[in-house]
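User: Please take a close look at one helix of this structure and at what it packs against. Then follow the packing outward to the rest of the model.

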Amino acid sequence: MLRYTLPFCLLIADTISASEEKGGMPQLNPESFSSQIFWLISLFIILFLINHYFFLPKIKNIRKKRDETIQGYLDDAKKLNDSFNSLVEKMNKEFEEVKIEQNALIKKTFEENKKIFDKKILEINNDFEDKKNKLNSDIDENKKMITKELPKLCVDLSDKLYEKIMGEKKKGSVDDFKKLIGDDK
Amino acid sequence: MASPLAQFEIKKIIEMEAFGYDISFTNSSLAMIMTVVFISLFMYLGLRNLEIIPSKKQSVVESSYEFISGMIGDNIGNEGMKYFSFIFTLFLFILVGNLLGMLPYSFTWTSHIIVTFSIAFFIFIGVTLIAIYKHGIVKFLKFFAPSGVPKPMLILLVPIEIISYLSRPISLSVRLFANMMAGHTLLKVIGGFVFVLGANSFIVGGILPLAFLIALTGLEIVIAFLQAYVFAILTCLYINDAIHLH
């Protein structure tokens, strides 16, 4: 408030005193007005012309150049980004293709191996079955042979035991042995 | 002790005359020349070695450019860029004039009403001419009769609008002049207190007014910037009114 009231108080006081005596506020002395206006206009025009034709175009130019440089860098970056993106896209596409190809190859290999494996299993099973059958027939044969031979062997063994115990030879009959054990049918 | 107003006295350095008018080179003219030299030097040093990545000096100059450019962009728009050089010069001229006035033994030419009024009057005439040139005299005169106002009210409003328009150069010039003059007078008065109280109380009494004086000097520097800004921004608003008449 003081800032605004002070000059006006001084202005009023000075206007009153100026009528009484010379002096007071130098701002109100009209003697210097023409000189001040002349120098103000001259110097302001000079400064305006220096700024307008010399300094400001320089600033405008450098700012324009800077904007162009930044725009250039941005364009380059955009181009690089685009080429990078297309490269990534191409790479992804190739990767997908390779992935599909690999999957097909794995599937094919798996199926082939499965076929071979199944064939082998079948061969082993057949082989095993053959061997089992042969073994069974061998066992049956041996069993039959043993069943056929067993009474004779038993009679021979009992003859030998009788001879050893009694000291005389005696020839036993297979038919009697069979009757004895109830297998004469 | 000298009057606080003595600092505003115009002293002739070289007497000159042209067409019967006194155009003597005075302390005020010297301060104005110093202002022009300082601004030119500031611009020259800042723009001496222009680089795309600016140096510190270049940055300072460019930020002042950006500051004014932003001010015009915000207040007038792109159409205002035609007046960039004028507003830029005006802002720097007043700012440096105010700031140089803060130096001891210098002269504040912005504290003279005739100087501030001349600038304001030139702006007023320029703005009026721009408005008439852009919109024609009829549309310009309609500016004083706001649209949508009942006709009986116009009898009251039109004179108010005209007075308000005509008082623009006065308010613009008095604002700057009064601020500068009041600030410098106050500094001088407080400075007088420092001297008188200090001399009468073995320096001790001068400490408080000295602290006050230092604080006021800081405030004055802020005001120097603020007044230049206000002057420039009001000029922008007046130009905006002239271009966009509303």
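Analyst: In this predicted model, the buried residues of H7(B) pack against four helices of chain B, namely H2, H3, H4 and H6. The helix itself covers residues 207–244 of chain B. Its 38 residues reach 54 Å from the first C-alpha to the last, which is close to the 56 Å expected at 1.5 Å a residue.

The buried positions of H7(B) are B:Pro209, B:Glu220, B:Ala224, B:Gln227, B:Ala228, B:Phe231, B:Ala232, B:Thr235, B:Cys236, B:Tyr238, B:Ile239 and B:Ala242. One of them, B:Ala232, leads on to the largest nonpolar core, which has 59 residues. B:Ala232 is among the members that touch the most other members, together with B:Ile68, B:Ile87, B:Phe91, B:Phe93 and B:Ile94. H7 of chain B supplies at least two residues of this core, and so do H1, H2, H3, H4 and H6 of chain B. H2 of chain A likewise supplies at least two.

B:Phe93 shows contacts to both chains. Leaving aside neighbours within four places in sequence, B:Phe93 is in contact with A:Phe44 and A:Leu47 as well as with B:Thr35 and B:Ile39.

The contact between the chains takes 40 residues from chain B and 34 residues from chain A. On the chain B side, two or more residues come from each of strand E3 (21–22), helix H1 (27–47), helix H2 (56–75), helix H3 (84–100), helix H4 (113–142) and helix H6 (168–200). H1(B) gives the largest share of that side, nine residues. By class, the chain B side has 25 nonpolar, 12 polar and three charged residues.

Turning to the partner, chain A has three helices and zero strands, in the order α-α-α from the N terminus. Of its 185 residues, 9% count as buried.

Confidence in chain A has a mean pLDDT of 86, with 86% of the residues at 70 or more. Among the elements of chain A, helix H2 (residues 33–166) has the highest mean pLDDT, 94, whereas helix H1 (residues 2–20) has the lowest, 48. Over residues 15–21 of chain A, pLDDT stays under 50, and the model has three contacts beyond four places in sequence for this stretch. Where pLDDT is low, the predicted coordinates should not be read in detail.

Key:
Residues are numbered from 1 along each chain as its sequence is written. Chains are lettered from A and ligands numbered from 1 in the order in which they are written. This is a predicted model: local features need pLDDT of at least 70, side-chain atom pairs count only at pLDDT 80 or more; totals for chains, interfaces and linings use all residues. Two residues are in contact if their C-beta atoms, placed from the backbone, lie within 7 Å. Ala, Val, Leu, Ile, Met, Phe, Trp, Tyr, Cys and Pro count as nonpolar, Asp, Glu, Lys and Arg as charged, and the others, Gly among them, as polar. pLDDT is the predictor's confidence in each residue, from 0 to 100. A residue is buried if 20 or more other C-beta atoms lie within 10 Å of its own, exposed if 12 or fewer, and partly exposed in between; C-beta atoms are placed from the backbone. The expected span of a helix is 1.5 Å times one less than its number of residues. A nonpolar core is a set of buried Ala, Val, Leu, Ile, Met, Phe, Trp, Tyr and Cys residues joined through C-beta atoms within 7 Å.
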